[in-house]
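Let's take a walk through this fold together, beginning with its sheet and moving outwards to the helices and loops.

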Amino acid sequence: MNISEAFNTNKETWNQKVDAHANSDFYFIEEFKAGRSSLNKYELEALGEVSGKTLLHLQCHFGQDTLSWSRMGATCTGVDLSDKAVVLAQQLNNELDQDATFVCCNVLDTSQHVLKTFDIVFTSYGTIGWLPDLKPWAQMISERLNDGGFFYIVDFHPIAWMYDYTSGKPIMKYAYHHKGAIYEEYEGTYADDKAAITSKEYGWNHSMSEVIQSLIDAGLTIEKFNEMDASPYDVFPDLEKNKEGLYELKDKMYPLLFEVKATKKSR
């Protein structure tokens with residue numbers, strides 16, 4: 001298939017999603033403007049104190065997490081494929097009097113558009129599934145990290161993407177090591193299933209070994225790897241809220257999330 005056409009289709013869909021997401025309860029934009037953070041326990045615990053550090057946020061959508069890190073004292077740059085999302089991110093940055101920078105580009109081309117290096121590279125929740133190959137992704141991360149800096153990802157577990165959710169009830173359809181693009185077309189979006197948009201999306205599944213090995217091959221050292229049963233987001237069918245306010249499968253048959261932290265060793 002033509003990868004450029006797939007990326008263009010995804011970009012068009014994400015441009016359509018911006019207004020629906022900005023107006024949804026999922027993204028609580030007015031509360032966010034009033035000071036509520038968009039960050040969750042996993043990334044807050046993993047990154048710790050960010051004040052005075054430089055941070056590159058990959059696939060930042062319209063910048064809520066980027067600006068949340070900025071509010072905590074980091075000097076932030078956010079990258080996203082959607083030009084409409086980047087425009088909104090810049091508007092929020094100005095309205096909130098923050099000093100974040102936003103760049104519109106394909107995340108795989110980040111090193112062509114962002115020349116600085118960073119103490120932290122961060123990405124979260126629904127990111128790598130938009131990429132056909134993690135090797136150039138991991139290489140770019142290594143290029144953008146300072147020596148001694150670290151990369152952190154928290155994302156949905158690849159087992160969750162073995163299911164097709166477009167027909168209502170989840171159906172296990174894709175092999176764990178599924179090769180090739182998966183095309184889906186459905187009405188609405190995860191933030192608002194009644195939004196008047198048709199989501200047309202190309203995605204790619206990646207196993208845990210692919211994620212971890214790509215980072216190792218790019219010269220990074222894995223410092224932390226966890227698989228978690230509970231997600232901050234109620235985005236899969238039939239999840240239950242636990243005592244911490246997170247969402248879990250009723251039977252906990254498989255993890256919903258994973259996290260990896262990897263460092264670039266000083267030379």
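A good place to start is where strand 10 meets strand 13: the two run antiparallel and are joined by seven bridges. Along this pairing, asparagine 226 stands opposite glutamate 259 of strand 13. Please keep in mind throughout that this is a predicted model.

Now widen the view. Strands 10 and 13 belong to an open sheet of seven strands, whose order is 3-2-1-4-5-13-10 and whose pairing is mixed. Strand 3 (101-104) and strand 10 are the edge strands, each pairing on one side only. From one strand to the next, the twist averages 15°. Helix 4 (residues 64-71) packs on this sheet, where it touches strand 1 (54-58), strand 2 (75-80), strand 3 and strand 4 (118-124). The direction of helix 4 makes about 175° with that of strand 2.

Turn next to helix 8, which lies across strand 5, strand 10 and strand 13 and runs at about 165° to strand 10. Which residues of helix 8 (residues 208-217) are buried? They are Met208, Val211, Ile212, Ser214 and Leu215. Seen down the helix axis, these buried residues fall within an arc of 160°, so they line one face of helix 8. The general pattern is a familiar one: an α-helix has 3.6 residues a turn, so residues three or four places apart point the same way. The buried residues of helix 8 pack against strand 5 (145-156), strand 10 (221-228) and strand 13 (257-263), and also against helix 7 (134-144). Just after helix 8 comes glycine 219, with a positive phi of about 95°.

Another pair of helices deserves a look. Helix 1 (residues 3-22) packs with helix 5 (residues 83-95) at an angle of about 35°, and their axes are 7 Å apart. Helix 1 contributes Lys11, Asn15, Val18, Asp19 and Ala22 to the contact, while helix 5 contributes Asp83, Lys84, Ala85 and Leu88. Sorted by class, this contact has four nonpolar, one polar and four charged residues.

Now for the loops. Between strand 8 (182-187) and strand 9 (198-203) you will find alanine 195. Is alanine 195 buried or exposed? Its relative accessibility is 11%, so alanine 195 counts as buried. Setting aside neighbours within four places in sequence, alanine 195 is in contact with Ala20, Gly188 and Thr189. Alanine 20 is 175 residues away along the chain, yet its C-alpha atom and that of alanine 195 are separated by 6.3 Å.

Two other loop residues share an unusual backbone setting for you to inspect. Tyrosine 125, in the loop between strand 4 and helix 7, has a positive phi of about 55° although it is not a glycine. Lysine 252, in the loop between strand 12 and strand 13, is not a glycine either, and has a positive phi of about 50°. Tyrosine 125 has 13% relative accessibility and so counts as buried, whereas lysine 252, at 44%, counts as partly exposed.

We finish at strand 12 (residues 247-249), which holds glutamate 248. With a relative accessible area of 14%, glutamate 248 is buried. Its side chain makes a polar contact with the side chain of asparagine 242, at 3.3 Å. Beyond residues up to four places away in sequence, glutamate 248 touches Asp229, Ala230, Asp238, Leu239, Glu240, Asn242 and Leu256.

Technical notes
Residues numbered from 1 in each chain as written. Predicted model: local features only at pLDDT ≥ 70, side-chain atom pairs only at ≥ 80, totals over all residues. Heavy atoms only, no water. Helix = DSSP H or I, 4+ residues; strand = E, 2+ residues; numbered from the N terminus. Buried < 20%, exposed > 50% of the residue type's maximum accessible area, 1.4 Å probe, protein only. Polar contact = N/O pair within 3.5 Å; in protein donor to acceptor, adjacent residues only side chain to side chain. Contact = heavy atoms within 4.5 Å. Arc of directions from axis to C-beta. Pairing = 2+ DSSP bridges. Axes fitted to C-alpha atoms, helices over the stretch in contact; angles between N-to-C directions. Nonpolar A, V, L, I, M, F, W, Y, C, P; charged D, E, K, R; others polar.
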